[in-house]
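Reader: I should like to examine the reasoning behind the labels applied to this entry. Please set each value against its criterion.

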Amino acid sequence: MDNSQTLYIPVILGTARMGRRSLHASRLVTEELNKRNGVETELVDIAKLPLPTNDAGEAIKHADFSSKVSKADALVIVSPEYNHGYSGLLKHVLDSCLKEYIHKAVGIVGVSAGPFGGARVIQNMLPVMRELGLVTIFWDVNFSSVQKVFTTEGTLLDDSYIRRIDKFLKELIWMASTLRHGREQIALH
Ligand SMILES: Cc1cc2nc3c(=O)[nH]c(=O)nc-3n(C[C@H](O)[C@H](O)[C@H](O)COP(=O)(O)O)c2cc1C
């Protein structure tokens, strides 16, 4: 891929909880994305976005987050499972943009302490992704029993995740390229 075709795929870390293990998962996915030719990525930590909580939606759009999503060809959202749902802060951040998401790909990484790897939070996110105009891919990454997958410092203990992330990223990059072609070349009649 030449420069004009470089895909920008930021990884959104979807929790501000102290001691969040989702940080390890999002760092790993960002590292794996960084290894790919033709992809530019960065970790976007929602804990660092100073959004007000006395309003919601596009009224509180954050210029930097909005420009990152505008530039993005795809997003990776790393979401922990909290009572089978996503964090309220993640929804608050996602709601601050709208047109920035349209016809872009999204892949979801679920993180849970339990055995289901965030499968329930991922299912609960799908209708939200659709409403935002994002196009979901059919692979996820599921970090189950995440406390056994990484050490407290974030070292990966289970190499099988590299293969799973690879499969997920292949699909995400394909969808991101396809949708970019569509956005640039195909008119909406
Ligand atoms: C409020 C709250 C609710 C949680 N609910 C679930 C749950 O429904 N299922 C589950 O497997 N783990 C649950 N957990 C554990 C998280 O999945 C666990 O903390 C995991 O490390 C991912 O979240 P983290 O990134 O905040 O660490 C919950 C944790 C919190 C703080």
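Author: The model is predicted. A convenient start is tyrosine 82, which has a polar side-chain atom 2.4 Å from an oxygen atom of the ligand.

Reader: What makes the pair formed by tyrosine 82 and the ligand a polar contact?

Author: A polar contact requires N or O atoms within 3.5 Å. The separation for tyrosine 82 is 2.4 Å, so the pair qualifies. By the same cut-off, glutamate 81 qualifies through a polar side-chain atom 3.0 Å from a nitrogen atom of the ligand. Asparagine 83 does so through a polar backbone atom, 2.7 Å from a ligand nitrogen.

Reader: How much of the ligand's accessible area does the protein cover?

Author: On its own the ligand has 600 Å² of accessible area, and the protein covers 75% of that. It is surrounded by 16 residues, with Arg17, Arg21, Ser22, Tyr82 and Asn83 the closest. The space that the ligand takes is the largest pocket.

Reader: How do you know that the span of helix α1 agrees with expectation?

Author: Helix α1 comprises 13 residues, 22–34, and at 1.5 Å a residue it should span 18 Å. Its end C-alpha atoms are 18 Å apart, so the two values agree.

Reader: Why is α1 described as mostly covered?

Author: Ten of its 13 residues are buried, which means that each of the ten has under 20% relative accessible area. Among them are Ser22, Leu23, Leu28 and Leu33.

Reader: Why is leucine 172 called buried?

Author: The limit is under 20% relative accessible area; leucine 172 has 0%, and is therefore buried. This residue belongs to helix α6, residues 160–185.

Key:
Residues numbered from 1 in each chain as written. Predicted model: local features only at pLDDT ≥ 70, side-chain atom pairs only at ≥ 80, totals over all residues. Heavy atoms only, no water. Helix = DSSP H or I, 4+ residues; strand = E, 2+ residues; numbered from the N terminus. Expected span 1.5 Å × (residues − 1). Buried < 20%, exposed > 50% of the residue type's maximum accessible area, 1.4 Å probe, protein only. Near = heavy atom within 4 Å. Polar contact = N/O pair within 3.5 Å; in protein donor to acceptor, adjacent residues only side chain to side chain. Areas by Shrake-Rupley, 256 points an atom, 1.4 Å probe, with all protein chains shown as cover. 1 Å grid on protein atoms, 1.4 Å probe; cavity = no way out; pocket = protein on both sides within 12 Å on 5 of 7 lines; lining within 4 Å. Sits in = over half its atoms within 2 Å of the grid points.
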